[in-house]
Amino acid sequence: MRLSRYFLPVLKENPSEAQIVSHRLMLRAGMIKQAAAGIYSWLPMGFKVLRKLENIVHEEQARAGHIAIQMPILQSADLWRESGRYDDYGQEMLRMQDRHGRDMLFTPTAEELVTDIFRGHVSSYKDLPLTLYQIQWKFRDEIRPRFGVMRGREFYMKDGYNFDLTKEDALHSYNRHLVSYLRTYERMGLQAIPMRADSGPIGGDDTHEFLVLADTGESEVFYDSAVTDLTFGDRDIDYDNREQCQAILEEFTSKYARTDETHDEVLFNKIPEERRRVARGIEVGQIFYFGTKYSEPLGATVQGPDGKPVPVHMGSHGIGVSRLIGAIIEASHDDKGIIWPEGVTPFHCGIVNLKQGDEEADAACAKIYKALTALGLEPLYDDRNERAGGKFATMDLIGLPWRITVGPRGLKNGVVELTSRRTGESEELSPEAAVIKIAEIYEDIA
């Protein structure tokens with residue numbers, strides 16, 4: 001993409017309504033525009049990052065054996081009355097009537113709807129286990145939406161639902177989701193710590209939230225600092241291997257890590273004092289096991305091995321895809337702007353032409369652009385007739401991990417400058433070597 005042809009409405013000043021870094025930088029970098037309180041239009045670069053995160057989630061869900069579907073945004077209230085949640089959910093649910101006077105609601109979550117799909121098509125234990133998921137817009141009418149996409153009313157979310165014959169089977173599904181989420185977050189350049197949490201309106205006794213540590217986090221968290229030393233890495237996981245998945249769950253949840261709702265001061269004080277940490281965290285996902293909470297009232301049963309009907313055991317599992325963008329920026333920025341991890345960057349590198357209109361510089365930039373594109377990479381070429389300082393400021397603000405700077409002076413010596421956004425370090429390379437290095441960097445990204 002050439003920046004002269006792209007829609008990137010960057011702002012020079014900090015918007016007064018933005019209280020936290022991610023909100024300020026998303027507005028300044030032209031990623032989003034507020035349409036109403038807690039509701040945003042996603043502009044090209046923001047939408048591009050959103051799709052990158054969505055693709056990572058899809059890939060890791062497929063790796064774990066989960067099956068994608070798409071459910072409607074509007075649901076019938078009748079299903080929620082069957083489960084008993086319609087009146088219990090509270091004012092966060094946006095309720096409405098259609099032209100025939102039928103009660104409807106804008107989806108805040110979809111346990112009832114997916115259970116209705118299951119009960120209509122699955123009748124035998126031989127069809128289990130089954131996990132269905134979607135990535136869909138949701139709406140929760142927050143009383144005070146704030147912090148941009150971190151606490152919006154409309155949000156993009158992956159919600160998955162497992163159906164199993166027994167509690168033991170369902171707990172393996174729970175473990176499988178935990179493993180897949182650890183992989184997902186690390187691919188996004190995040191350390192998301194699974195913490196014992198409260199189940200809230202979803203229900204159930206077993207639940208973990210995944211939290212990214214950040215000063216602007218909504219939740220107060222208490223943890224053993226040893227959990228921050230854990231990394232998932234490039235492990236070869238067999239998601240059907242119960243022992244392997246259980247071992248990973250124990251590895252990542254055996255050390256103390258809890259949100260304020262489930263904090264236990266007695267247990268916390270048993271941690272060596274030098275490892276006790278109190279901080280703030282941003283929730284980016286949660287997994288639940290809730291047994292037959294929905295299957296019993298909704299009649300989601302299968303014929304068991306003995307021929308008798310049994311209600312299935314269920315769980316639900318969510319990742320806040322749009323919220324993740326805010327979390328990544330909160331965890332990865334400096335005073336100049338965003339610093340995207342390579343796995344989620346909207347463009348793989350920026351190309352800055354220091355002297356637009358110079359025949360040699362224009363030709364060199366075009367050649368680099370063409371070479372990167374031919375390798376399947378997406379560069380953003382700043383070909384505007386702007387001052388060099390303005391071009392550098394834009395690149396720093398939007399946070400592309402690598403920048404290739406091309407100017408007449410360097411070209412006389414046969415070199416361009418390759419700069420890391422994260423470290424600020426630069427090196428001079430031939431244009432061909434700069435292209436090769438960028439290709440090698442992204443070759444290692446999963």
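Two strands count as paired if DSSP finds at least two bridges between them. The exercises below apply this to a predicted model.

**Exercise 1. Determine how strand 5 and strand 6 are connected, and in which sense they pair.**

Step 1. Strand 5 covers residues 94-97, and four bridges link this strand to strand 6. The cut-off is at least two bridges, so the two strands count as paired.

Step 2. The sense of this pairing is antiparallel. One bridge can be named: leucine 94 has phenylalanine 106 of strand 6 as its partner.

Step 3. Strand 5 and strand 6 make a hairpin, with five residues between them. In the turn, glycine 101 has a positive phi of about 80°.

**Exercise 2. Find the strand order of the open sheet that contains strand 6, and identify its edge strands.**

Step 1. Begin with strand 4, residues 74-76, which is joined by three bridges to strand 6, residues 103-106. These two strands run antiparallel.

Step 2. Locate bridge partners between them. Serine 76 stands opposite methionine 104, and glutamine 75 is partnered with leucine 105.

Step 3. Combine this with the hairpin of strand 5 and strand 6. The open sheet has three strands in the order 4-6-5, with antiparallel pairing.

Step 4. Strand 4 and strand 5 each pair on one side only, which makes them the edge strands. From one strand to the next, the twist averages 35°.

**Exercise 3. Describe the largest cavity by its volume, its lining residues and the elements that supply them.**

Step 1. The structure has one cavity of 30 Å³ or more. The space in the largest cavity is about 60 Å³.

Step 2. The lining consists of Tyr40, Trp42, Trp137, Val149, Gly152, Glu154, Phe155 and Ser322. Strand 2 (39-42) and strand 8 (154-164) are the elements that give two or more residues to this lining.

Step 3. Sort the lining residues by character: five are nonpolar, two polar and one charged. Glycine counts as polar in this sorting.

**Exercise 4. Examine the backbone at proline 129 and at phenylalanine 147.**

Step 1. The peptide bond from leucine 128 to proline 129 is cis, and its omega is near 0°. Proline 129 belongs to the loop between helix 4 (111-121) and strand 7 (130-139).

Step 2. Phenylalanine 147 is not a glycine, yet its phi is positive, at about 65°. This residue is placed in the loop between strand 7 and strand 8.

Step 3. Is phenylalanine 147 buried or exposed? Its relative accessible area is 18%. Buried means under 20%, so phenylalanine 147 is buried.

**Exercise 5. State how many disulfides the structure holds, and explain why cysteine 349 is not bonded to cysteine 365.**

Step 1. A disulfide is a covalent bond between the sulfur atoms of two cysteines. The structure holds zero disulfides.

Step 2. For cysteine 349, the closest cysteine sulfur is that of cysteine 365, at 11 Å. A disulfide requires sulfur atoms within 2.5 Å, so this pair is too far apart for a bond.

Step 3. Add the accessibility values. Cysteine 349 is buried, at a relative accessible area of 1%. Cysteine 245 is also buried, with 0% relative accessibility.

Technical notes. Residues numbered from 1 in each chain as written. Predicted model: local features only at pLDDT ≥ 70, side-chain atom pairs only at ≥ 80, totals over all residues. Heavy atoms only, no water. 1 Å grid on protein atoms, 1.4 Å probe; cavity = no way out; pocket = protein on both sides within 12 Å on 5 of 7 lines; lining within 4 Å. Points joined across faces, edges and corners; volume = space filled by probe spheres on them. Buried < 20%, exposed > 50% of the residue type's maximum accessible area, 1.4 Å probe, protein only. Axes fitted to C-alpha atoms, helices over the stretch in contact; angles between N-to-C directions.
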